[in-house]
Amino acid sequence: MELKNFFRKNILYIVLFPLILLAVYLPVVITPFYCADLEYVAGAKGPIYNWKELGRYSLILIKKIFATPYDIALEGVLFSLTAFVTFSALSYLFFLLFKKAESSILFPVCVSALIFPTFVEQFYFKFQSFEVLFGIFLLIVSAIFFVEFVKKPKFYLFIISVLLNVISFGIYQSMINIMLVLYAGIFLMLFLNEVEYNKLKVFFLMVLQFLASFLLNTLVTKIFCTKSSYFSDKIMWKTYPFDTCYHFVKHYFRVVLLAESPVYTFSFALSLILSSI
């Protein structure tokens with residue numbers, strides 16, 4: 001089995017990655033001091049935040065299943081376990097696409113993602129850190145099912161991948177962005193694969209899967225969630241003139257590519273250059 005081969009070839013990763021994980025996030029896990037939402041939770045009564053209004057129906061469901069709303073210790077333990085499982089799943093996805101990927105490649109890639117400022121900043125919101133990471137895990141598992149579907153086109157694999165995406169989208173809206181980046185990486189890695197895939201067909205299936213996931217999530221949100229101005233106020237195209245919208249788009253392109261914010265680094269621009277090569 002490919003999963004067995006993955007663990008056999010990457011024992012170094014399996015041993016070292018948990019140590020790095022603890023070294024980076026142990027203070028966040030065991031103390032309340034590295035926490036961006038503690039004060040709100042301390043004064044909250046009932047549900048945490050207005051998640052239903054934000055369309056985060058899966059986040060509410062997971063909170064109820066794991067009983068984590070106000071438990072710092074439980075949230076920290078679940079976060080640590082999910083982090084290891086998530087990045088192991090990401091490594092396995094790389095392994096499926098590029099059989100030569102071993103610990104020497106997978107370890108630095110996963111550690112870089114683990115300490116990337118954007119994720120570190122997100123995980124400061126301790127009372128949704130486990131759930132957000134679990135959403136990323138679902139996206140990766142969905143991608144694994146999608147890759148298997150490309151190899152052997154059984155429709156149930158496609159359906160499972162779509163449903164996992166929908167659950168993930170219902171945890172945090174940025175999962176849509178993460179999925180797009182993840183699938184762009186998958187498409188690029190197909191060029192490294194020993195098996196010759198029909199790239200146009202794979203691209204079409206990716207688009208079809210994304211549209212099915214996005215539309216189904218939109219339907220679920222409209223049925224079960226109330227409307228909020230949290231997102232509508234951020235949509236500028238119908239409210240402001242074109243030149244104002246263009247200015248903001250250009251501004252954020254510069255912020256991201258030139259790392260003009262603490263949550264971005266030059267690694268993104270560098271990865272774009274390397275990918276184009």
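**Notebook: a greasy patch and a core**

I started on the surface: Phe155, Ile159, Leu163, Leu216, Leu219, Ile223 and Phe224 make a nonpolar patch of about 700 Å². Patch residues have over 30% relative accessible area and no salt bridge (side-chain nitrogen of Lys or Arg within 4 Å of a carboxyl oxygen of Asp or Glu), and nonpolar side chains are joined within 5 Å. Areas are Shrake-Rupley with a 1.4 Å probe, and for residues only the protein chains shown count as cover.

This is a predicted model, where local features need pLDDT of at least 70 and side-chain atom pairs pLDDT 80 or more, while totals for chains, interfaces and linings use all residues. Numbering runs from 1 along each chain as its sequence is written, and side-chain values use heavy atoms, without hydrogens or water.

Which helix gives the most to the patch? I found H11, with four residues; helices here are DSSP runs of H or I, at least four residues, numbered from the N terminus. Phe224 sits in H11 and is exposed at 55% relative accessible area (exposed is over 50%, buried under 20%, partly exposed in between).

Next I looked inside. The largest nonpolar core (buried Ala, Val, Leu, Ile, Met, Phe, Trp, Tyr and Cys joined through side-chain atoms within 4.5 Å) has 65 residues. H8 gives the most to this core, with 14 residues. Leu93, Ile140, Leu182, Tyr183 and Ile186 have the most contacts inside the core. I checked Ile140: leaving out residues up to four places away in sequence, Ile140 touches Thr86, Ala89, Leu90, Leu93 and Leu182 (contact is heavy atoms within 4.5 Å).

Last, the whole chain: I noted 14 helices and zero strands, with buried residues making up 39% of the 277.

Key: Buried < 20%, exposed > 50% of the residue type's maximum accessible area, 1.4 Å probe, protein only. Helix = DSSP H or I, 4+ residues; strand = E, 2+ residues; numbered from the N terminus. Patch = residues over 30% accessible without salt bridge, like charges linked within 9 Å, V, L, I, M, F, W, Y side chains within 5 Å.
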